[in-house]
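Trainee: Can you walk me through this one? I'm new to reading models.
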Amino acid sequence: MMKPEASVYSHFTKCFRNTCYSSKPVSHKSSISDRDSDDAVTTPLDRSETAASVRRKPGGWKAMPYILGNDTLERLATFGLLANFMVYLTREVHLDQVSASNVIYIWYGVTNFAPLLGAFVSDAYVGRFRTIAFGSFSLLLGMATLTMTTWLPELHPPPCSGNQQKLGQCLPPTKAQLGFLILGLGFVSVGTGGIRPCSIPFGIDQFDPNTDDGKKGIKSFFNWYYATFTVVLLITSTLVVYIQDKVSWSLGFGIPTVLMCGSIVLLFVGVRIYVHAKPQGSMFTSIAQVLVAAYKKRQLKLPDDKAIDGSKLYDPPVKDLLIQKLPPTNQIRFLNKAAIILENDIKPDGCPVNKWRLCSVQQVEDLKCVIKTMPIWASAIVSFTAMTQQATFTVSQALKLNRHLGQKFEIPAGSLIVISLLTIGIFLPVYDRLLVPALRKVTKDEGGVTVLQRIGIGCIFSVLAMLVAGFIEKERRDMANLHPHEPVSFMWLAPQLILMGLCEAFSVIGLLEFFNREFPDHIRSVGNALLSCSFAGSSYLSSVLVTVVHRVTGTHSKPDWLTNDINAGRLDLFYFLLAGIGFLNFFYFLFCAQRYKYKGTVQKEDDNNPCVTVELGSTTTT
């Protein structure tokens, strides 16, 4: 069995003085205890390296009007196009309720998985700006295609009256018409895959995280990002949906398409101001190298104690000083074997002889960061199923309610989601200005509660939303069957929508912060893509549940729970089913969260301040 040679470490330190790495030698602590990992581990860098990093001139807030403007118009376009899509598929394309919901679920799933591929291409090969630019043009093409399905008679079924729809006498779409619609959705998915994982990291790239102004700018950017996001959803859920529902589907789809053109123009106007972070190579290649190297050295025995002997590990400084340096940890200890230095592992210049046999501590810790977040990510899939229903069955409920304000104005069914958005818009300032300061005095945590605690609260609201939705639907259906000509008010849906808004305020924003905090800097786009993948997973889970419930619950004597006429079905039982699954998921989340440890950080040395923290983090158990 091979044994590590401590003497080899003297050779690999030469790497810091030659062309393999441009940095000078760094001093390392000889061991890092998992017990002491609550504190950031200090690894001072040479001052010449810090001077190199200072030469970076980020665009800062000068670039924000173009980045936020592009992102706002892009979201206004895409959400405006698809905010009322359930109604479009059932009324104009003549799909039944289950088929329409499955089309939305599957497409939504593909759209939210696509950012994972976009993040990989961005971080590994072309960079964030080019990925956003390509995605913008693809999105414009997809929106133009979908707009044509409403405009040209050859691309949609012939019109059908409301009575014909109830009797099932409407002609379904042809294969060509459905294919053209799916083609447009495919272009939209590709475009979204390029834009969503890169927009937040590209904005963060414009600030220097090594300065106080840069740190404040990043925090403000998150606030402005979600503020514009909420405003966009309010506009699309009211004005755009009203135009689609009451004026013209062609105009309602055409306006977002024009806005997408404006988004592209704004993106390119600010091109000279942007900071363009260079792609760092394939993340998946690095992951594969760590796994292969750890497997090849599987026969090596790690020390019985928890102390990590840094002299035995290959731990060069990172090439890009804008990337956060991670210290070695004892979590998932088996992977540490990939960084153990053996005889003949290091070239005379200090570089690895074989990258598939020796990996750096940074590579190992990057992989650990990804692996550690997976259980939390999985729990978010179930938690998000409550929010997924807002685009499908909540709309079906709204169509059965009295949505009139006065005698003439009727609120579009797709606009009731505004109740959820208003909840978010009102609650977030109250939470930030009142609740957080009060909680901070009790918990001593800067955010009032930890990120994982915030996500856990969102899980609770997800379960409550489905329970309340089930009880409300049961009462609504009973009232509709007793008094078929006297529908109840749309405000009956307010409680469940308010709870869904609170679920989003805690879960989505918590996960957004969690992934951006826990993922390594150079693969942060992948971390942001995982948030979209959570929604994708929830869409596929909803699709599977809808299909199974539709096939299993129906008999010859009674319709299934999710039949087209929800007054004859049992949508309430479907909501209770989701609540039960969410309840079990909450205990799974607690199990994972109690064992999770936040990543540690390394500090850089500055000319003016010898200990400048790159990023705040801890490895305390929450």
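Mentor: Here is a short tour, from confidence to rings, cavities and a few single residues. This is a predicted model, in which local features need pLDDT of at least 70, side-chain atom pairs count only at pLDDT 80 or more, and totals for chains, interfaces and linings use all residues. Residues are numbered from 1 along each chain as its sequence is written, and side-chain values use heavy atoms, with hydrogens and water left out.

Trainee: What is pLDDT, then?
Mentor: pLDDT is the predictor's confidence in each residue, from 0 to 100.

Trainee: And what does the protein chain average?
Mentor: The average pLDDT is 78. A score of at least 70 is reached by 82% of the residues.

Trainee: Which elements have the lowest and highest mean pLDDT?
Mentor: Strand S5 (residues 612-613) has the lowest mean, 34. Helix H19 (residues 571-594) has the highest, 94. Helices (H or I, at least four residues) and strands (E, at least two) are DSSP runs, numbered from the N terminus.

Trainee: Where does pLDDT stay under 50?
Mentor: Residues 603-622 are one such stretch. The model has 66 contacts for that stretch beyond four places in sequence. Contact means heavy atoms within 4.5 Å. Where pLDDT is low, the predicted coordinates should not be read in detail.

Trainee: OK, the overall build. How many helices and strands are there?
Mentor: The protein chain has 19 helices and five strands. It runs to 622 residues, and 55% of them count as buried. Buried means under 20% relative accessible area, exposed over 50%, and partly exposed in between (1.4 Å probe, protein chains only).

Trainee: What share of the contacts comes from residues 24 or more positions apart?
Mentor: Among contacts with a separation of 6 or more, the share is 82%. Here is a long-range example. The C-alpha atoms of Leu 117 and Val 526 are separated by 8.4 Å, yet these residues are 409 apart along the chain. Leu 117 lies in helix H5.

Trainee: Is Leu 117 buried or exposed?
Mentor: Leu 117 counts as exposed, at 56% relative accessibility.

Trainee: Switching to rings. How many aromatic pairs are there?
Mentor: A search of the whole structure finds 26. Rings of Phe, Tyr and Trp (its six-membered ring) pair if their centres lie within 6.5 Å; planes under 30 degrees apart count as stacked, over 60 as edge-to-face and the rest as tilted. One of the pairs is Phe 120 with Tyr 125, which is edge-to-face, with 5.6 Å centre to centre and 90° between the planes. Phe 120 is buried at 19% relative accessible area, whereas Tyr 125 is exposed at 53%.

Trainee: Got another?
Mentor: Phe 129 and Tyr 274 form a tilted pair, 5.8 Å centre to centre with 45° between the planes. Phe 129 lies in helix H6 (residues 128-151) and Tyr 274 in the loop between helix H10 (249-269) and helix H11 (283-296), so the pair ties together parts that are 145 residues apart in sequence. Phe 129 is buried at 11%, and Tyr 274 is buried at 6%.

Trainee: Which aromatic cluster are they in?
Mentor: Phe 129, Phe 137, Phe 202, Phe 268 and Tyr 274 form one cluster.

Trainee: Which charges lie over ring faces?
Mentor: Arg 298 lies over the face of Tyr 295, at 4.1 Å from the ring centre. Lys 372 lies over the face of Tyr 596, at 5.3 Å. The rule is NZ of Lys or CZ of Arg within 6 Å of the ring centre and within 35 degrees of the ring normal.

Trainee: What does Gln 331 touch?
Mentor: Gln 331 touches Lys 368, Lys 372 and Lys 597, not counting residues up to four places away in sequence. Gln 331 is found in the loop between H11 and helix H12 (361-383). Gln 331 is buried, with a relative accessible area of 14%.

Trainee: Any odd backbone angles to look at?
Mentor: Most residues other than glycine have a negative phi. His 94 has a positive phi, near 65°. His 94 is found in the loop between helix H4 (85-92) and helix H5 (97-126), and is buried at 12%. Asn 344 also has a positive phi, near 70°. Asn 344 is in the loop between H11 and H12, and counts as exposed at 62%.
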